[in-house]
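Student: Please take me through one helix in detail, then place it in the rest of the chain. Keep it plain, and say which statements rest on a cut-off.

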Amino acid sequence: MRHMVLLLSVVVAGRTTPAPVTRDEFIALEQRRSEAIRTHDLTTLRDYYPEGFTGIASNGRKVTRDELFTLFERVDPSTQASLDDLTATPAGPFVLVSAKLTLRSANGSTSQSRLFHVYRFEGGKWRMVTGQSTPIVEVTDNQTYLTELRETIRGRETLPAEQVFKNVRVLPTTVPGVTAERLLRIMDLAYSRGLGVACSHCHVVRHWEDDSKTPKTIARAMSRLTTTINRNLLGAIPELKDRNPAVSCPTCHRGQLKPALTMQP
Ligand code: HEC
Ligand code: HEC
């Protein structure tokens with residue numbers, strides 16, 4: 001009997017088969033993975049992602065290991081990652097890990113996603129069989145803010161936006177005659193849904209006039225860029241049949257912060 005116990009503990013220590021799975025172990029594992037991504041540590045990442053790995057990226061596309069590593073190379077090392085709400089569920093030889101990942105960049109903007117990773121114990125290590133990541137857009141929060149704002153501007157919806165709000169500098173020139181209600185619709189449809197982000201990506205929420213977040217100042221430049229394309233460039237192509245050819249934020253962004261450069265082959 002004593003020998004049996006000893007034998008068992010040796011097998012567990014060598015982990016020829018996975019020992020009872022603990023949540024803490026997978027929190028540590030996922031933290032090491034995030035850190036390796038941040039520091040562009042490909043040696044560690046090759047341990048996590050075996051050759052032949054494919055997963056599903058947050059834009060819904062399949063990615064191979066090489067494509068994933070190319071994406072990781074673009075990660076800004078000043079980005080801070082934190083994990084919440086992690087569960088690790090054994091399923092036969094696999095462990096299913098689900099967690100909420102929050103990324104904070106140095107300029108103060110945050111993005112959240114829900115990750116789902118399938119691990120298998122292989123060659124003495126937990127390695128990822130496949131994985132998927134889905135962006136969390138706090139659309140419910142967006143709706144709460146929009147409802148609040150519509151309440152505060154009641155009776156003044158059709159006044160020019162710059163008379164109702166405190167710090168509207170660009171929209172009256174890029175969208176002439178923009179009203180307070182139209183500004184809110186632009187924020188909801190073109191800016192938030194168009195880029196796939198929450199209001200908080202650009203705003204210190206409930207301090208809407210505050211300009212301290214970089215994406216907000218970029219968005220002003222983007223509004224000018226869009227108007228320049230529409231007024232000066234598209235309009236100068238006489239062969240176009242449409243008399244009002246136009247691009248908008250979603251034309252390029254398609255619900256993502258970084259517009260695609262190529263099509264997936
Ligand atoms: C991509 C960045 C971006 C997102 C996302 C965004 N906004 Fe804005 N918002 C701006 C910019 C830029 C301005 C200023 C426009 C200007 O100067 O003409 C602005 C102005 C505003 C203003 C006027 C504030 C004032 O007093 O001057 C309000 C209110 C506002 N946004 C609400 C929202 C809400 C609510 C959401 C989410 C549904 C949202 N915004 C999402 C960039 C954004
Ligand atoms: C002609 C294509 C095009 C249009 C139209 C366009 N954008 Fe962009 N936008 C880009 C590109 C390209 C980038 C840079 C992506 C990168 O970092 O490589 C960008 C970046 C941004 C960023 C910075 C992303 C971040 O990480 O926060 C914001 C914010 C933004 N755009 C907002 C807007 C808004 C708001 C509109 C509409 C008023 C708009 N864009 C219209 C092409 C476009």
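Tutor: Helices and strands here are DSSP runs, at least four residues of H or I for a helix and at least two of E for a strand, numbered from the N terminus. The model is a predicted one.

The helix to look at is α2, residues 23–38. Helix α2 has 16 residues, and the distance from its first C-alpha to its last is 23 Å. The span expected at 1.5 Å a residue is 22 Å, and α2 comes close to that.

Which residues of α2 are buried? They are F26, E30, R33 and I37. Because these residues cover an arc of only 55° around the axis, they lie on the same side of α2. The face turned away from that buried side carries exposed residues, namely D24, A28 and E35. What do the buried residues of α2 pack against? Their partners are two helices, α3 (42–48) and α4 (65–73), and two strands, β3 (80–91) and β4 (94–104). After the helix comes H40, with a positive phi near 55°.

Strand β3 is a useful next stop. A81 is found in β3. A81 counts as partly exposed because it has 16 C-beta neighbours inside 10 Å, and the cut-off for buried is 20 or more. Setting aside neighbours within four places in sequence, A81 is in contact with S34, R38, L101 and L103. L101 is 20 residues from A81 in sequence, yet the two C-alpha atoms are 6.8 Å apart in space.

D85 lies in β3 too. Its phi is near 55°, a positive value in a residue other than glycine. Most residues other than glycine have a negative phi. Is D85 buried or exposed? D85 is exposed, because 9 other C-beta atoms lie within 10 Å.

L101 belongs to strand β4. L101 is partly exposed, because 19 other C-beta atoms lie within 10 Å. Neighbours up to four places away aside, L101 is in contact with A81, L83, Q112, S113 and L115. Sequence separation alone does not give the distance in space, as Y119 shows: Y119 is 18 residues from L101 along the chain, and their C-alpha atoms are 17 Å apart.

Another strand gives a contact across a long stretch of chain. T54 has its place in strand β1, residues 54–56. With 14 C-beta neighbours inside 10 Å, T54 is therefore partly exposed. Not counting residues up to four places away in sequence, T54 touches K62, V63, T64 and T130. The C-alpha atoms of T54 and M128 are 9.6 Å apart, although 74 residues separate them along the chain.

Now the wider setting. The chain is divided into domain 1 (15–136) and domain 2 (139–253). The centres of the two domains, taken over C-alpha atoms, are separated by 35 Å.

Then there are the ligands. How many residues surround ligand 1? There are 27, and the closest are F165, M187, C199, C202 and W208. Elements that give two or more residues to this shell are α5 (139–152), α8 (180–195) and α9 (214–233). Helix α8 gives the most, five residues. By class, the shell around ligand 1 has 16 nonpolar, five polar and six charged residues.

Ligand 2 has 18 residues around it, of which P215, A219, M222, C249 and C252 come nearest. Here the elements that give two or more residues are α8, α9 and α10 (249–253). The largest share, six residues, comes from α9. The classes in the shell around ligand 2 are twelve nonpolar, five polar and one charged.

The segment after α10 holds R254. R254 is not a glycine, yet it has a positive phi of about 50°. R254 counts as partly exposed because it has 13 C-beta neighbours inside 10 Å, and the cut-off for exposed is 12 or fewer.

Notes: Residues are numbered from 1 along each chain as its sequence is written. Chains are lettered from A and ligands numbered from 1 in the order in which they are written. This is a predicted model: local features need pLDDT of at least 70, side-chain atom pairs count only at pLDDT 80 or more; totals for chains, interfaces and linings use all residues. A residue is near a molecule or strand if its C-beta atom, placed from the backbone, lies within 6 Å of it. Ala, Val, Leu, Ile, Met, Phe, Trp, Tyr, Cys and Pro count as nonpolar, Asp, Glu, Lys and Arg as charged, and the others, Gly among them, as polar. The expected span of a helix is 1.5 Å times one less than its number of residues. The arc is that of the directions from the helix axis to the C-beta atoms. Two residues are in contact if their C-beta atoms, placed from the backbone, lie within 7 Å. Domain bounds come from an automatic or database domain assignment.
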